[in-house]
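Me: I have a structure open and want to go through it with you. Can we start with the cysteines?

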Amino acid sequence: MQMSKLSTSMVYLVIGPPGKQRVRASQTLLMLVIFVLFAFVQHAEVLFGLIDEAESWQLTTYNLIGATLFYGLIRSGLNEKLPFEPSLTVPQMVFGLGALTWSYAITGPARGAVMSIMMLVLVYGMFALRPSDARRLAILGFAMLSSVMVYNAIFNAQHYNPRVELIHLIFAAIVTGGVAALAARFGQMRRHLSDQKAELAAALERIQALATRDVLTGLLNRRAMLEQLDQQSNEQERRGTPMCLALFDLDHFKRINDEHGHAIGDRVLKTFASVAQEEVRGGDVLARWGGEEFLLMMPDTPIDLAFRCVQRIHSAILATDFDNVPDDLRVTFSAGLAVCRTTDDVEAAIDRADRAMYKAKSAGRNRTELADEAS
């Protein structure tokens, strides 16, 4: 158990807490490890007499200091304050290409192996860079390496056979050209995956809307409202504050449908929902409960304030000009208002509000009645 905690602490210390910075730090640490291994190989070449020792130490110093600096920038978080993308992919790749070009310039007969490492550097950023950036870096790597080849073939032909350098130049062109082509292909794949992800997110959003929203009015549907009631009633019970529920029913709605058609009835429902939604407060939730019935949840609201809220909706509906609705059609609603204090009281509170609503209808409609318990 203690070993597990120790290893976890070490991982945390070296690459940081979970998240994007840990991924960035681990990638940069991998580059540092590769340069350390490269230094060992390079020292072996010094022992074999293939590289001058002084030149080798200069390159090793450049490699290890540079790689350590990149790791330190990311592990400390300073990378997020620099004018580069946080992973520092492009600067790291330019640094790596410089190191490989330097290595090719000082490495003797084994210099051909350096080109295979250049492919590793170019592939390092393939998945993170845009295709255009990856192509530019491939061209930069080829330009740097080919410049050294051409220079040595002309001015140091005794140690750098021009024919060998020509073969290396062709090989470098193949490598960088292949990387550029792969970068373009991966870029297309990333764009395709990004488009698919966006389409999937949009589809999930539509499914979520269909599952929780009434198609006609855009309000929460009954199932979603029940979930809201369950969550909010738990919160209200914990805080010990009241929650009021108001049940609305449009007056003579069946007559509207029968005399003017369902299209007019749908317009009435949509307009009522829109006007009522504009009148409710920020924390209140309005839902289409079913048919021409709507349920309004008012958290942290005493009964007198809830009554005033409902009366405000009455006034707004009376003042509304229902577009495409016959002039002689007067839209009103009857409401019942009840208090809900506990989670177990939700269904009973809705039932009390329902009875109060029918009491309002019996009393002449276009009015709000309080449930008996709340009076």
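Me: How many disulfides does the count come to?

Reply: The count comes to 0 disulfides. Keep in mind that this is a predicted model.

Me: What is the closest cysteine sulfur to the one in Cys309, and how far away is it?

Reply: The closest is in Cys244, 9.0 Å from the sulfur of Cys309. A disulfide needs the two sulfur atoms within 2.5 Å, so that distance is too far for a bond.

Me: And Cys340, where is its closest cysteine sulfur?

Reply: Also in Cys244, at 9.3 Å from the sulfur of Cys340, which is again too far for a bond.

Me: Are Cys309 and Cys340 buried or exposed?

Reply: Cys309 is buried, at 3% relative accessibility. Cys340 is buried as well, at 1%.

Me: OK, salt bridges. How many?

Reply: The count is 15 salt bridges. One of them joins the side chains of Arg238 and Glu235, at 2.4 Å from N to O.

Me: Where do Arg238 and Glu235 lie?

Reply: Both are in helix H8, which covers residues 222-239. They are 3 residues apart, about one turn of the helix.

Me: Why does that spacing suit a pair?

Reply: An α-helix has 3.6 residues a turn, so residues three or four places apart point the same way. Side chains of opposite charge can then pair when their charged atoms come close.

Me: How accessible are Arg238 and Glu235?

Reply: Arg238 is exposed, with a relative accessible area of 60%. Glu235 is partly exposed, at 26%.

Me: What does the side chain of Asp258 meet in a salt bridge?

Reply: The side chain of Lys254, at 2.9 Å from N to O. Asp258 and Lys254 are 4 residues apart in helix H9 (residues 253-260), so about one helical turn separates them. Both Asp258 and Lys254 are exposed.

Me: And what does Arg355 pair with?

Reply: Asp351, in a salt bridge of 2.3 Å from N to O. These two sit in helix H12 (residues 346-362), 4 residues apart, so they too are separated by about one helical turn. Arg355 is partly exposed at 46% relative accessibility, and Asp351 is partly exposed at 38%.

Me: Which residues do shared salt-bridge partners join into one network?

Reply: Glu235, Arg238, Arg239 and Asp300. The Arg238 and Glu235 pair from H8 is therefore part of that network.

Me: Where does Asp300 lie?

Reply: In the loop between strand E3 (293-298) and helix H11 (303-318). Asp300 is partly exposed, with a relative accessible area of 40%.

Me: What about the phi of Asp300?

Reply: Asp300 has a positive phi of about 50 degrees, although it is not a glycine. Arg365 is another non-glycine residue with a positive phi, about 70 degrees.

Me: Where is Arg365, and how accessible is it?

Reply: Arg365 is in the loop between H12 and strand E5 (368-370). Its relative accessible area is 32%, which counts as partly exposed.

Me: What phi does Gly49 take?

Reply: Gly49 takes a positive phi of about 80 degrees, and its position is just after H2.

Me: Tell me about H2, then. How many residues does it have, and how far does it reach?

Reply: H2 has 28 residues and reaches 41 Å from its first C-alpha to its last. That is close to the 40 Å expected at 1.5 Å a residue.

Me: Which residues of H2 are buried?

Reply: Arg24, Ala25, Thr28, Met31, Leu32, Phe35, Phe38, Ala39, Gln42, Glu45 and Val46. The list holds nonpolar names such as Leu32 and Phe35, and also Arg24 and Glu45.

Me: And Leu37, where is that found?

Reply: Leu37 is also in H2, which covers residues 20-47. With Val33, Val36 and Phe40, Leu37 forms a nonpolar patch on the surface. Together the four have about 370 Å² of accessible area.

Me: Last one. Is Asp133 buried or exposed?

Reply: Asp133 is buried, with a relative accessible area of 18%. The cut-off for buried is under 20%, so Asp133 falls inside it.

Me: What does the side chain of Asp133 contact?

Reply: Asp133 makes a polar contact with the side chain of Arg136, at 3.0 Å. Asp133 itself is placed in helix H6, residues 131-155.

Terms used:
Residues numbered from 1 in each chain as written. Heavy atoms only, no water. Patch = residues over 30% accessible without salt bridge, like charges linked within 9 Å, V, L, I, M, F, W, Y side chains within 5 Å. Areas by Shrake-Rupley, 256 points an atom, 1.4 Å probe, with all protein chains shown as cover. Buried < 20%, exposed > 50% of the residue type's maximum accessible area, 1.4 Å probe, protein only. Polar contact = N/O pair within 3.5 Å; in protein donor to acceptor, adjacent residues only side chain to side chain. Expected span 1.5 Å × (residues − 1).
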